[in-house]
Amino acid sequence: MPNTYSAFFWSVFARLVLAIGPLLVLTTCAAPLQLASATSPTRSVTRPIADQAAIARAQVYTNWFFAGKSDSLWAALSPRGRRRFPTPGSWAALRAQVLPVLPGFERVLSDSVSRNDTLVSVYQYGIGARDGVTYYVKWVMRPGNFQISSFAASDAGWVAQTPVSDYRPRTKLSLPFQGEWIVFWGGPTVAQNYHAAYAHQRFAMDLMPASDSLLIWRASRGEKVQLTDFACFGSPVLAPAAGKVVACLDTVPDNAVGKFHPTAEFGNYVVIQHTSGEYSFLGHLRQGSLQVKRGDRVQAGIKVGECGNSGRTTAPHLHYDLITRKQLNAVP
Ligand SMILES: [Zn+2]
């Protein structure tokens, strides 16, 4: 979704996704532990002139953004952007949220341009200066005057290369929740599943009831939404298969909607070792909700905790990953 959502769609659940139009910071999951290694496209020299102009302007905006020229950027906002950021200070606050994760690009890898009838979007992909991860910044502009209608920054880059890309899970799993939920992020490509950009969570998924995904959209439109509005918040998280609890954490506070913890990537979690040798990782659990402790044996379907909003996540959901021993080493 990060590569395809339109300017005013809700853009959710990358480690860092910020957008104006809707402004909501919605994030999940873990800091990448290794560089997503993928071949990067190179800058084309045969682009349409209109695209070249848009890219050139986006490059200026990116430079301003990282150089701290917030007043200049604010002056370039469209009326719609101004409604969201009525003062230069409010724009500067947005920047202050981005910089701890993405202080700048070590180098830019590529640009891409997309358009609709009224807007032009430029994605600028690059290697983050702090952690070597592939990020993009996205400038959505009015084609005529290049006023900024929307901005986003995300670490959802390219699919990570892993030694287990054709891995076949051995554990027979049951669903780790009750009722009908959707796979919000899941699948083999980064567009379907931003986790795919990171080797250590290449096949992870984010799960929530469909009604909660609607709430996220409403929150992105500026509506006040509370944690307790989410159907999944506090709902049981179940062991997907029998096994032994080998790691857990239960002390990370739940974030208010739209906020995230700066360091506790997965928040509260339970890791269950199955007899197959594989492990289930259940993350972002509600603080104080764990029903198990390290060393406990659990049966499939047993409640291990509750769905929450702890860690690097801004809206309640369940992060699930079936992981191998080797990958477990990457788990905090
Ligand atoms: Zn996740």
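Six helices and 13 strands make up the secondary structure of the chain in this predicted model. Half-and-half is a fair way to put the burial: buried residues account for 50% of the 332 residues. Long-range contacts carry a good share too. Taking contacts between residues at least 6 apart in sequence, 67% join residues at least 24 apart.

Start with the sheet. Seven strands line up in the order β5-β6-β13-β10-β9-β8-β11, forming an open sheet with antiparallel pairing. β5 and β11 (297-298) sit at the edges, each pairing on one side only. Strands of a sheet pair through backbone hydrogen bonds, in either a parallel or an antiparallel sense.

Walking across the sheet from the β5 end, β5 and β6 are antiparallel and share three bridges, with Ile182 standing opposite Met208 in β6. Further in, β10 and β13 are held in the antiparallel sense by five bridges, and Tyr279 has Ile323 of β13 as its bridge partner. Tyr279 of β10 also stands opposite Gln273. That second pairing belongs to β9 and β10, which run antiparallel and are joined by six bridges. The hairpin of β9 and β10 has five residues between the strands, and Gly277 there takes a positive phi near 95 degrees. Next along, five bridges join β8 to β9, again antiparallel, and Cys248 is matched with Val270 in β9. At the β11 end, β8 and β11 run antiparallel with two bridges, one bridge partner pair being Gly243 and Val298 of β11.

Strand β10 deserves a closer look. Seven of its seven residues are buried, so the strand is largely enclosed by the rest of the structure. His284 is found in this strand and counts as buried, with 31 C-beta neighbours inside 10 Å. The backbone of His284 is a bit out of the ordinary as well: its phi is near 65 degrees, a positive value in a residue other than glycine. For context, most residues other than glycine have a negative phi.

Phe146 is another case of this kind, with a positive phi of about 60 degrees although it is not a glycine. Phe146 is located in the loop between β3 (134-141) and β4 (148-154). Loop or not, Phe146 is buried, with 20 other C-beta atoms within 10 Å. In strand β3 itself, Val140 is buried too, with 27 other C-beta atoms within 10 Å. Val140 also comes within reach of Leu119: the two are 21 residues apart in sequence, and their C-alpha atoms are 6.5 Å apart in space.

What about the nonpolar interior? The largest nonpolar core holds 50 residues, and those touching the most other members are Val237, Tyr269, Val270, Leu282, Val304 and Leu318. Two or more residues each come from β5 (182-185), β6, α5, β7 (236-238), β8 (243-249), β9 (268-273), β10 (279-285) and β13 (318-323). Tyr269 shows what such a hub looks like: leaving out residues up to four places away in sequence, Tyr269 touches Cys248, Leu249, Phe281, Leu282, Gly283 and Leu285. A second, separate core has 30 residues, including Ala58, Val140, Met141 and Ala153. In soluble globular proteins, nonpolar side chains tend to be buried together.

That leaves helix α5, which spans residues 210-220 and has Asp212, Leu215, Ile216, Ala219 and Ser220 buried. Viewed down the axis of α5, these buried residues fall within an arc of 140 degrees, so they line one face of the helix. An α-helix has 3.6 residues a turn, so residues three or four places apart point the same way. Ala210 and Leu214, on the other side of α5, are exposed. The buried residues of α5 pack against β6 (205-208). Just past the end of α5, Gly222 takes a positive phi of about 100 degrees.

Key
Residues numbered from 1 in each chain as written. Predicted model: local features only at pLDDT ≥ 70, side-chain atom pairs only at ≥ 80, totals over all residues. Helix = DSSP H or I, 4+ residues; strand = E, 2+ residues; numbered from the N terminus. Buried ≥ 20, exposed ≤ 12 C-beta atoms within 10 Å, placed from the backbone. Contact = placed C-beta atoms within 7 Å. Arc of directions from axis to C-beta. Core = buried A, V, L, I, M, F, W, Y, C linked by C-beta atoms within 7 Å. Pairing = 2+ DSSP bridges.
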